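User: I would like a close look at one part of this model, the packing of a pair of helices, set against the rest of the chain. Please take it step by step and keep to what the coordinates support.

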Amino acid sequence: MLSGSAEGPVEAGAQPESLIDPRLVFPAIPGQTREEILRELSRRVAAQGVVPDAGELADRLLDRERLGCTGLGEGIAIPHCKLSDIDRVAIAVASTEQPVDFGAADGKPVSLIFLVASPAAGAAAHLQALARVSRLLRAPGVVDGLRLASTREGLLDVIREAEAGLPVAQ
């Protein structure tokens with residue numbers, strides 16, 4: 001369970017149409033702190049019916065941040081967690097209205113976020129999703145393209161173009 005289409009996430013072993021479900025792309029998330037950003041992003045993911053409880057998702061993401069910052073550097077963060085009440089991996093992508101301090105090792109504030117939520121029993125799928133996001137972000141031009149995109153469709157276009165050149169994860 002790595003990704004989704006417009007209809008929602010797909011099951012493990014199915015050919016993923018896209019890493020990102022278009023419903024889970026959120027440009028210009030408002031917030032001035034890591035907590036505000038993660039709570040707002042969690043609220044939006046829950047509003048799409050992907051997780052039943054926005055508060056639980058936000059709490060789990062913030063718990064994970066306390067264990068170690070998910071800010072990769074260069075303004076990118078991949079907050080992630082496992083939840084007992086979901087049965088599919090969900091990946092959301094967001095840009096922020098303004099860069100936000102996530103506590104990344106390079107000291108640069110975050111403006112691009114890839115949120116990964118996985119079933120509690122899905123360790124392998126969770127790692128596969130994180131690896132696939134990482135590969136996407138390493139593709140030439142992707143990060144710059146995402147930074148320049150200001151709309152949901154613009155973010156999706158960059159992701160789709162990059163995915164066309166990525167090997168399909170098994």
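Analyst: What follows begins with the chain as a whole, turns to the helix pair, and then goes through a few individual residues elsewhere.

The model is a predicted one, and its protein chain contains five helices and eight strands. Read from the N terminus, the elements follow the order β-β-β-α-α-β-β-β-β-β-α-α-α. Of the 170 residues in the protein chain, 52% are buried, and the accessible surface of the chain comes to about 7,700 Å², with 51% of that surface belonging to carbon and sulfur atoms. Among contacts in the protein chain with a separation of 6 or more, 62% are between residues 24 or more positions apart.

The pair in question consists of helix α1, which covers residues 34-47, and helix α2, which covers residues 54-67. Their axes lie 8 Å apart, and the two helices pack at an angle of about 140°. Because angles over 145 degrees would be needed for a roughly antiparallel label, this pair is classed as oblique. The crossing in which α1 passes α2 is right-handed.

On the α1 side, the residues that meet α2 are Arg34, Glu35, Leu38, Arg39, Ser42, Arg43, Val45 and Ala46. Their counterparts in α2 are Ala54, Gly55, Leu57, Ala58, Asp59, Leu61, Leu62 and Glu65. Sorted by character, the residues of this contact comprise eight nonpolar, two polar and six charged. Leu38, Val45 and Ala46 in α1 are among the nonpolar ones, as are Leu57, Leu61 and Leu62 in α2. The charged set includes Arg34, Glu35, Arg39 and Arg43 from α1, together with Asp59 and Glu65 from α2, while Ser42 and Gly55 count as polar.

Away from the helix pair, several residues can be placed by both their position in the chain and their partners in space. Leu156 belongs to helix α5, which spans residues 152-163, and its relative accessibility of 2% is why it counts as buried. Once its neighbours within four places in sequence are left aside, Leu156 is in contact with Pro22 and Val25. The C-alpha atoms of Leu156 and Val25 are separated by 7.4 Å, although the two residues are 131 residues apart along the chain.

A second pairing across the sequence involves Ser18, in the loop between β2 (8-9) and β3 (25-29). Ser18 has a relative accessibility of 7% and therefore counts as buried. Between the C-alpha atoms of Ser18 and Arg160 the separation is 7.0 Å, with their positions 142 residues apart along the chain.

Val89 is another loop residue, found between β6 (80-83) and β7 (90-100), and its relative accessible area of 1% makes it buried. From Val89 to Gly122 the C-alpha distance is 8.3 Å, for a sequence separation of 33 residues. Ala123, in contrast to Val89, is partly exposed, with a relative accessible area of 37%; it is found in helix α3, residues 123-138. The C-alpha atoms of Ala123 and Lys82 are 8.4 Å apart in space, and the two residues are 41 residues apart in sequence.

Two residues also deserve a look for their backbone geometry. Most residues other than glycine have a negative phi. Ala28, in strand β3, has a phi near 55°, which is positive in a residue other than glycine. Glu74, in the loop between β4 (71-73) and β5 (76-77), likewise has a positive phi, of about 55°, although it is not a glycine. As for exposure, Ala28 has 34% relative accessibility and so counts as partly exposed, and Glu74, with a relative accessible area of 47%, is partly exposed as well.

To return to the part you asked about, α1 and α2 form an oblique pair with a right-handed crossing, and the residues of their contact include eight nonpolar and six charged ones.

Notes: Residues are numbered from 1 along each chain as its sequence is written. This is a predicted model: local features need pLDDT of at least 70, side-chain atom pairs count only at pLDDT 80 or more; totals for chains, interfaces and linings use all residues. Side-chain values use heavy atoms; hydrogens and water are left out. Helices (H or I, at least four residues) and strands (E, at least two) are DSSP runs, numbered from the N terminus. Buried means under 20% relative accessible area, exposed over 50%, partly exposed in between (1.4 Å probe, protein chains only). Contact means heavy atoms within 4.5 Å. Accessible areas come from the Shrake-Rupley method with a 1.4 Å probe; for residues, only the protein chains shown count as cover. Axes are lines fitted to C-alpha atoms, for helices over the stretch in contact, and angles run from 0 to 180 degrees between N-to-C directions. Angles under 35 degrees count as roughly parallel, over 145 as roughly antiparallel, 65 to 115 as roughly perpendicular and the rest as oblique. A crossing is left-handed if the near helix is turned anticlockwise from the far one by less than a right angle, and right-handed if clockwise.
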